[in-house]
Amino acid sequence: MTPLKSIVMRSPAKINIFLESHGKRPDGFHNLETVMLRTQLCDTIQYSLNTQNCATLRLAADAATVPPGHFPLDNSNLILRAASALRQFCGVQAGVDIVATKRIPAEAGLAGGSSNAATTLLALNKLWQLQLSTKVLHEIAATLGSDVNFLISGYRAAVCRGRGEQVQPVPVTGRIHFVACRPFQGNSTAKVFGALRELPAIQRVHSVLNALRIGRPQQLETHTYNALASTACGENEQMAQLLKVMTTLYRRPAFMSGSGSTCFVYARGHREASVISRSMHSVTGFPTWHLWC
Ligand code: C5P
């Protein structure tokens, strides 16, 4: 078989419909129990072999919409960190030129960066013909961030524990529709976790998993929960206001994904999601998406 010279991959956003903290660990991270769903919102990343024995990264020409500072092109970018982790692990001599088309917003709780890292591990494993096993890829993924393992797994839905890196797939019946909105102000994950007051865990994941399994959106809405939400509201007044507006306008509970600042409501189907999405954007002025899983 002719070796690949170039590969284009999709890098999907996740949404958290449940997140409970079980306390801070000695390493500074929190033990979590969280349910993540893979959505259709994707970045697209192109990887092309180069002969320079280095990894380069740039944004695609149409990426002028990415606000300054939201997608660093230096070694702090998780794409280059993932490439570097693979190069170190395998002693790779090959290089790669990477071009990203970003659609997932930064500091949004949608795992834009973690997803790009997961996609990079999968893409370069193929392009550089490393033949690393899934187990090894997961080990490398866990060194890059807490959400990377879910996104590398390719599962549609999973309950994730530990720091978030222990991923167990869960069944989903039917399609789930969301309308998600990100206020202009983003959230720093480290800052939100840093401000979290230690309270005993109160919510159980069981009811959400059950609602996913039997495909009952109304039941999902009842049991969706995020232990970081009130802390994040204290850090981001714009987001706190957005949650109130969403709840009032659409007469249903609104939630935050991950550490925010994306907030979302459930929609009853494709058509309702389109209507709410248009209305939410025109009322708030914030970027709004119809997401589904
Ligand atoms: O793992 P990740 O790089 O996404 O985490 C970003 C920050 O969020 C960590 O540095 C930590 O402060 C916080 N965090 C946490 N507990 C987790 C995941 C993240 O405290 N389970």
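**Exercise 1. Find which residue of β10 stands opposite A180, and place that pair in its sheet.**

Step 1. Start at A180, whose counterpart in β10 is F264. Helices and strands here are DSSP runs numbered from the N terminus, with at least four residues of H or I for a helix and at least two of E for a strand.

Step 2. Widen the view to the two strands: β7 (residues 177–181) and β10 (residues 263–267) run antiparallel and are joined by five bridges. Two strands count as paired if DSSP finds at least two bridges between them.

Step 3. Now look at the whole sheet. It is open, has four strands in the order β9-β10-β7-β11, and its pairing is antiparallel. At the edges are β9 (255–256) and β11 (288–292), each of which pairs on one side only.

A word on the model before going on: it is predicted, so local features need pLDDT of at least 70 and side-chain atom pairs count only at pLDDT 80 or more, while totals for chains, interfaces and linings use all residues. Residues are numbered from 1 along each chain as its sequence is written, and side-chain values use heavy atoms, with hydrogens and water left out.

**Exercise 2. Trace the strands that pair with β2, and say how many bridges join each one to β2.**

Step 1. Begin with β1 (residues 6–24), which runs antiparallel to β2 (residues 30–50) and is joined to it by 15 bridges. Within this pair, E20 has E33 of β2 as its bridge partner.

Step 2. Check the turn. Five residues lie between the strands of the β1 and β2 hairpin, and G28 there takes a positive phi near 95 degrees.

Step 3. Move on to β4 (residues 95–101), which pairs with β2 in the antiparallel sense over seven bridges. Here T44 is matched with T101 of β4.

Step 4. Finish with β5 (residues 157–162): six bridges join this strand to β2, again with an antiparallel run. V35 stands opposite V159 in β5.

**Exercise 3. Follow β5 into its hairpin, and identify the residue in the turn that has a positive phi.**

Step 1. β5 pairs with β6 (residues 166–169) in the antiparallel sense, over four bridges. One of the matches is R161 with Q166 of β6.

Step 2. Three residues separate β5 and β6 in this hairpin, and in the turn G164 has a positive phi of about 125 degrees.

**Exercise 4. Describe the surroundings of the ligand, from the shell of residues to the polar contacts.**

Step 1. List the shell, taking a residue as near if one of its heavy atoms lies within 4 Å of the molecule. The residues are G28, F29, H30, L32, G145, S146, R163, T189, A190 and F193.

Step 2. Sort these residues by type: four are nonpolar, five polar and one charged. In this scheme Ala, Val, Leu, Ile, Met, Phe, Trp, Tyr, Cys and Pro are nonpolar, Asp, Glu, Lys and Arg are charged, and the others, Gly among them, are polar.

Step 3. Ask which element gives the most to the shell. The answer is α5, with three residues.

Step 4. Look at the close atom pairs. The side chain of H30 has an N or O atom 2.8 Å from an oxygen atom of the ligand. For S146, a polar side-chain atom is 2.5 Å from a ligand oxygen atom. R163 takes part through its backbone, where a polar atom lies 2.9 Å from a nitrogen atom of the ligand.

**Exercise 5. Locate the unusual backbone geometry in the loops, starting with the cis peptide bond.**

Step 1. Recall the background: most residues other than glycine have a negative phi, and most peptide bonds are trans.

Step 2. The cis bond joins G260 and S261, with omega about 15 degrees. S261 belongs to the loop between β9 and β10.

Step 3. Now turn to phi. Q129 is not a glycine, yet has a positive phi of about 50 degrees, and sits in the loop between α2 (112–127) and α3 (134–144).

Step 4. R251, also not a glycine, has a positive phi of about 50 degrees. Its loop runs between α9 (237–250) and β9.

Methods:
A polar contact is a pair of N or O atoms within 3.5 Å; within protein, one must be able to donate a hydrogen and the other to accept it, and residues adjacent in sequence count only if both atoms are side-chain atoms.
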